[in-house]
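Student: I'm new to this one and would like a close look at a single part, the inside of the fold and what packs around it. Could you walk me through it in one go?

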Amino acid sequence: MMDNVITVIPARGGSKGVKGKNMRILGQKPLLEYTIEKAKYIEDKYGVKWCVSSDCPITYVYSIKRGGEEINLRNSFYSKGHISSAQSIINHLDSFDKASQFEWVVILQPTTPFTR
């Protein structure tokens with residue numbers, strides 16, 4: 001078990017091009033599901049917990065139902081297109097009561113579903 005590591009999937013609700021793209025169906029499942037499956041693999045193999053950082057209630061609830069850590073919804077300011085994923089994740093983890101225990105953060109992008 002790696003208690004000092006967490007996998008974070010940044011999946012904001014908005015998008016510059018496609019609204020709600022993370023929950024859009026691709027190959028009979030939401031785009032986000034492909035990345036959740038990778039996070040679950042990492043959890044099973046290495047004991048690394050995972051969460052989805054999102055400002056979207058639908059995405060948040062979906063991730064919790066799939067086994068993600070509960071870290072609350074992301075502040076909408078940090079979900080704007082001009083804010084980097086790293087900035088939004090740092091801010092979001094700061095609001096998580098267990099954030100200080102993490103020394104390493106693994107970021108899995110939901111827009112690259114076929115990452116190995």
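**Around a buried serine**

Tutor: Let's start at Ser-54, which, leaving aside its neighbours within four places in sequence, is in contact with Ala-11, Arg-12, Gly-13, Thr-59, Leu-73, Arg-74 and His-92. Ser-54 sits in the loop between β4 and α2. Is Ser-54 buried or exposed? Its relative accessibility is 0%, so Ser-54 counts as buried. For a sense of distance, take Ile-6: 48 residues separate Ser-54 and Ile-6 along the chain, and their C-alpha atoms are 16 Å apart.

Before we go further, keep in mind that this is a predicted model. The chain has a mean pLDDT of 86, and 97% of its residues reach 70 or more. Which elements have the lowest and the highest mean pLDDT? Helix α3, residues 85-94, has the lowest at 79, while α1 has the highest at 96.

Now follow one of those contacts of Ser-54 to Thr-59. Thr-59 belongs to helix α2. With a relative accessible area of 2%, Thr-59 is buried, because anything under 20% falls in that class. Not counting residues up to four places away in sequence, Thr-59 touches Ala-11, Met-23, Leu-32, Val-52 and Ser-54. Ala-11 is worth remembering here, as it appears among the contacts of Ser-54 and among those of Thr-59.

From Thr-59 we can step across to Leu-32. Setting aside residues up to four places away in sequence, Leu-32 touches Ile-9, Ala-11, Asn-22, Met-23, Thr-59, Tyr-62 and Pro-110. Leu-32 is also part of a bigger picture, the largest nonpolar core, which has eleven residues. Its members are Val-5, Ile-9, Ala-11, Leu-32, Ile-36, Ala-39, Ile-42, Val-48, Trp-50, Val-52 and Leu-108. Which elements each supply at least two residues of this core? They are β1 (5-10), α1 (31-46) and β4 (49-53). Helix α1 gives the most, with four residues. Apart from this core lies another one, of eight residues, including Ile-6, Val-8, Phe-96 and Phe-102. You met Ile-6 a moment ago, as the partner in the 16 Å distance from Ser-54.

While we're on α1, have a look at Thr-35, which is placed in that helix. Thr-35 has a relative accessible area of 1%, so it is buried. What does Thr-35 contact, leaving aside its neighbours within four places in sequence? The answer is Ile-9, Leu-108, Gln-109 and Pro-110. Two of these, Ile-9 and Leu-108, are members of the eleven-residue core. Pro-110 is also touched by Leu-32.

Gln-109 leads us to open space. The largest pocket has a volume of about 220 Å³. It is lined by 17 residues, and Pro-10, Ala-11, Arg-12, Ser-85 and Gln-109 lie nearest its centre. So what is the lining like by class? It has five nonpolar, eight polar and four charged residues. Notice that Ala-11 and Arg-12, both in contact with Ser-54, are among the residues nearest the pocket's centre.

Pro-10 gives us a way over to Lys-21. These two are eleven residues apart in sequence and 12 Å apart in space, C-alpha to C-alpha. Lys-21 is found in the loop between β1 and β2, and at 28% relative accessibility it counts as partly exposed. Its contacts, not counting residues up to four places away in sequence, are Ser-15, Leu-31 and Thr-111. Gly-20 is in the loop between β1 and β2 as well, and is partly exposed with a relative accessible area of 31%. Leu-31 comes up again here: the C-alpha atoms of Gly-20 and Leu-31 are separated by 10.0 Å, with the residues eleven apart along the chain.

To finish, step out to the surface at Gln-28, in the loop between β2 (25-26) and β3 (29-30). Gln-28 is exposed, with a relative accessible area of 78%. Its phi is near 75 degrees, a positive value in a residue other than glycine. Asn-72 also has a positive phi, near 75 degrees, without being a glycine. You'll find Asn-72 in the loop between α2 (57-65) and α3.

Technical notes:
Residues numbered from 1 in each chain as written. Predicted model: local features only at pLDDT ≥ 70, side-chain atom pairs only at ≥ 80, totals over all residues. Heavy atoms only, no water. Core = buried A, V, L, I, M, F, W, Y, C linked by side-chain atoms within 4.5 Å. Buried < 20%, exposed > 50% of the residue type's maximum accessible area, 1.4 Å probe, protein only. Contact = heavy atoms within 4.5 Å. 1 Å grid on protein atoms, 1.4 Å probe; cavity = no way out; pocket = protein on both sides within 12 Å on 5 of 7 lines; lining within 4 Å. Points joined across faces, edges and corners; volume = space filled by probe spheres on them. Nonpolar A, V, L, I, M, F, W, Y, C, P; charged D, E, K, R; others polar. pLDDT = per-residue confidence, 0-100.
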